[in-house]
Amino acid sequence: MYLDQAATTPVRREALEAAWPYLTGEFGNPSSHHGVGERAAAALADARSRVARVLGMRAGDVVFTSGGTEADNLAVIGIALGDPRGRHIVTSPLEHEAVLASADHLRRLHGFDVSFVDVTSDGVVTPEALERELRDDTTLVSLAYANNEVGTIADIAGLSAVAARRGVPLHTDAVQAAGWLPLAGLGADALTLAGHKVGAPKGIGVAAIRGRLPVEPLIHGGGQERDRRSGTENVAFAVALATALELAEAERADAATRASAVRDAFIARVLDSAPGAFLTGSATERLPNHASFCFSRTSGEAVLLELERRGVTASSGSACAAGSDEASHVLTAMGIEPRVAQTAVRFTFPATATLEDGAAAAEAVAASVAALSASFS
């Protein structure tokens, strides 16, 4: 049972079928001024418009990237350097490494001051906490819509309103939210996505940045993507992303309702049956398919190995902190002791999961933790 949807999802057949013509007969370069190139350009423009409709933005706002990491880098660094009113940005200690590393790049190489907004023990950023960090020279706020490790959902509409009142653009990393939460009407000035989280292939993402915002490109060259990201566009994967995102959005409400029921039953069973387990993140404001725990009497990696022996694939947290054996920066920022944070395990269910799947997974968790608890006590 694969319960690591937050890391990546299977590619949808519809996305592959939509991409196939642009990997074969319709192979043109969309910058070429002949029939083959113009057909590729038309497909790219159509994909851009379809993505924009889901996001409630204009087609010209949508920049196709190589994935969520590049999209975050372009949004954070590109906006901060585009036309800064100052050298100050605000983010949170819970952000994805792509955002935190981009902020650190601005600090180290461009003299920016980076402020980290206070977070609650559930991983919530309140509008009041954001207001306290804003200054007259703040040039960007970057806060995730939903946390990848603990699943806590941010009130992006409320946070965007706070930033807008101070004239500060807000970027939100919506990589984990896509397919589970509404993406339009958030009030954000920039929003980033990764295709492989919604059933498109790995290697395609979106940085949707309002056209009125100047953006300093990270990749220079022929001026593609409205001079925001040069390079020959990946037409096939852009079409695949548009197809997968539309399908995810069409299915979202029903999928969220079903997954929430599975999640809630699973959480209750795990907390009732697994020794030393406690939930991380918000008990109420969390992604519909997301459950994350610390198993304080064990080791998170040992739990994962036991689970895999029992046919359940889960994760210790972010799949993007490759090779790290340190405690999660998200959990420690929420006040969890580093030793306990290293016992973290994340479960993210597919939209197709049933209550029976959740019950079987909870049984495997209880058995795994019980088998390990004695050796770690």
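Student: How many bridges pair strand E2 with strand E4, and in which sense, parallel or antiparallel?

Tutor: This is a predicted model. In it, E2 and strand E4 (residues 138-142) pair in the parallel sense, over three bridges. To place the pairing in the sequence, look for residues that face each other: His88 stands opposite Thr138 in E4.

Student: Which other strand pairs with E2?

Tutor: Strand E3 (residues 113-116) pairs with E2, again in the parallel sense, and here there are four bridges. Ile89 stands opposite Val114 in E3.

Student: Which helix joins E2 and E3 in a β-α-β unit, and is the unit right-handed or left-handed?

Tutor: The helix is H4 (residues 97-110). Together with E2 and E3, helix H4 makes a right-handed β-α-β unit.

Student: Are the residues on the two faces of E2 buried or exposed?

Tutor: Take the strand one side at a time. E2 spans residues 88-91, with His88 and Val90 on one side and Ile89 and Thr91 on the other. Each of these four is buried, so both faces of the strand are covered; buried means under 20% relative accessible area.

Student: Now the aromatic residues. How is a pair of rings described?

Tutor: Two values are used: the distance of the centres and the angle of the planes. This structure holds five aromatic pairs. One of them is formed by Phe266 and Phe293, which is edge-to-face, with 6.0 Å centre to centre and 70 degrees between the planes.

Student: Where in the chain do Phe266 and Phe293 lie?

Tutor: Phe266 is in helix H7 (residues 235-273) and Phe293 is in strand E9 (residues 290-295). The two are 27 residues apart, and their pair links distant parts of the chain. Phe266 counts as buried because its relative accessibility is 0%. Phe293, at 1%, counts as buried too.

Student: With which residue of strand E10 does Phe293 pair?

Tutor: With Phe347. That pair is also edge-to-face, at 6.0 Å centre to centre and 70 degrees between the planes. Phe293 lies in E9 and Phe347 in strand E10 (residues 344-348), so the pair ties together parts 54 residues apart in sequence. Phe347 has 0% relative accessibility and therefore counts as buried.

Student: Which residues do the ring pairs link into a cluster?

Tutor: The cluster consists of Phe266, Phe293, Phe295, Phe347 and Phe349, linked by ring pairs.

How values were computed:
Residues numbered from 1 in each chain as written. Predicted model: local features only at pLDDT ≥ 70, side-chain atom pairs only at ≥ 80, totals over all residues. Heavy atoms only, no water. Buried < 20%, exposed > 50% of the residue type's maximum accessible area, 1.4 Å probe, protein only. Pairing = 2+ DSSP bridges. Right-handed = clockwise from strand over helix to strand, strands pointing away. Phe/Tyr/Trp six-rings, centres within 6.5 Å; stacked < 30°, edge-to-face > 60°.
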